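Please open the model in a viewer and keep the sequence panel visible. The tour moves from the whole chain to a single side chain and its partners.

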Amino acid sequence: SSGRGAAGYMTLAFVLPSASAFSSFGASSILGVRSQQLRAVATARTSRPFLRTVTCQEATDKVTGAKFEENDPKKNPQSRGGHAVGGSEIDVPVDPEVARKREIIRVHQEKCLKPSWPEEIRTIMQQKEGFAVLSSNSHKSALSGFPLASVVGYAVDEQGRPFFSWSGMSAHTQNIRKDGRSSLCVTESAFKGAADARVTLVGTVEEVKDKEEADVLRAKYREFHAGAYWASFGDFGIFRMTDVKEVSFVGGFARAGGVTVEEYMAAEPDPLLEFANPVMKHMNDDHTDALKDYVQFIVGVEGAIDRIEMKRLDKFGFDVRVTKGDDSGVLRIPFMEPVTARKGVKEAIVSLSQLVAAKKKELKELSQ
């Protein structure tokens, strides 16, 4: 699966009218928009009514422009149908110009390269200090057949199988010792809502009885959770999902499906994962104006942006959460070319800033 779909990503008002002006890696194509188009943009009114009494041809998310279904059979092998939006607040007349702008950005975002779904899932599972929701089957006779949800810390082994350090006193530990069938729901570290990614693994969890193997996993668990001193307590055992049956994934609106267990285990985490967090913190602390420029001049968002935050960084680019008034969503900013080393990230971001500067200059010249 290509994992390139970006439905569920934010689609706000679009500045430039040409979708071809925003290819994933082509700086020349972005700067090569016809002069008359740029002059029209430079002199256009910035105030337009948002809604008129017209008919929208196809219901889409009113913030992101995303369609409420996944038509790619590789991402939706079960051929699940789309959402029934008729009669909902989304099923309302929309200004054709607004619909056109949403569609242009939606198409642009779909063209942005992203890691494959197995890579994206493997990267989410590989996060440090990760906590997730474990669902186990209650062993209590009065609750037989009912699931128990527990928030637990986890780590993963070389194959991506999650493992845990649990006290024998915990209810989920007692459940697992009687019935290992369970599921684990993991969210990306920046998860805030429906536009963000989450993974669910279904399988059988078993206690690791071999002391030597358990000690190796316990040490590895401390690599994921540096402050977990309690993992060495005598009543804490090591448990692992040894038999993964299913890997499902939701990456936002119209980004739901799954990958095979074999695809998941064969995938590698993104090469930027180890240093993504400090890079994103630096950008969010010191360079929010630059992030706004990328969204406005590379993606084409129109108008003032109230808040912006870089929320994910990978070899093909990064995602930003954008807020305008009550509307919030996620947009993709693609790098000019893939990046696999920390030094390359700085160079890639500088290239984006140079691209924005060139575009600002061209717009200024054409408006005079």
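The stops below begin with the overall fold and end with one arginine.

**Whole protein.** Display the full chain as a cartoon, bearing in mind that this is a predicted model. The protein contains 10 helices and 11 strands. Of its 368 residues, 48% are buried. Among contacts with a separation of 6 or more, 68% join residues that lie 24 or more positions apart. Switching to a surface representation shows an accessible area of about 17,900 Å²; carbon and sulfur atoms contribute 52% of that area.

**Confidence.** Next, colour the chain by pLDDT. The mean for the protein is 82, and 75% of residues reach 70 or more. Then select residues 1-57, where pLDDT stays under 50. For this segment the model has 151 contacts beyond four places in sequence.

**Strand 11.** Select residues 327-334, which form strand 11. Within this strand, pick out arginine 332 and show its side chain as sticks. Is arginine 332 buried or exposed? Its relative accessibility is 0%, so arginine 332 counts as buried, the cut-off for that class being under 20%.

**Partners of arginine 332.** Which side chains should be added to the view? Add aspartate 314, whose side chain makes a polar contact with the side chain of arginine 332 at 2.8 Å. Then add aspartate 319, whose side chain makes a polar contact with that of arginine 332 at 2.9 Å. With these side chains displayed, the view presents a buried arginine 332 in polar contact with aspartate 314 and with aspartate 319.

Terms used
Residues numbered from 1 in each chain as written. Predicted model: local features only at pLDDT ≥ 70, side-chain atom pairs only at ≥ 80, totals over all residues. Heavy atoms only, no water. Helix = DSSP H or I, 4+ residues; strand = E, 2+ residues; numbered from the N terminus. Buried < 20%, exposed > 50% of the residue type's maximum accessible area, 1.4 Å probe, protein only. Polar contact = N/O pair within 3.5 Å; in protein donor to acceptor, adjacent residues only side chain to side chain. Contact = heavy atoms within 4.5 Å. Areas by Shrake-Rupley, 256 points an atom, 1.4 Å probe, with all protein chains shown as cover. pLDDT = per-residue confidence, 0-100.
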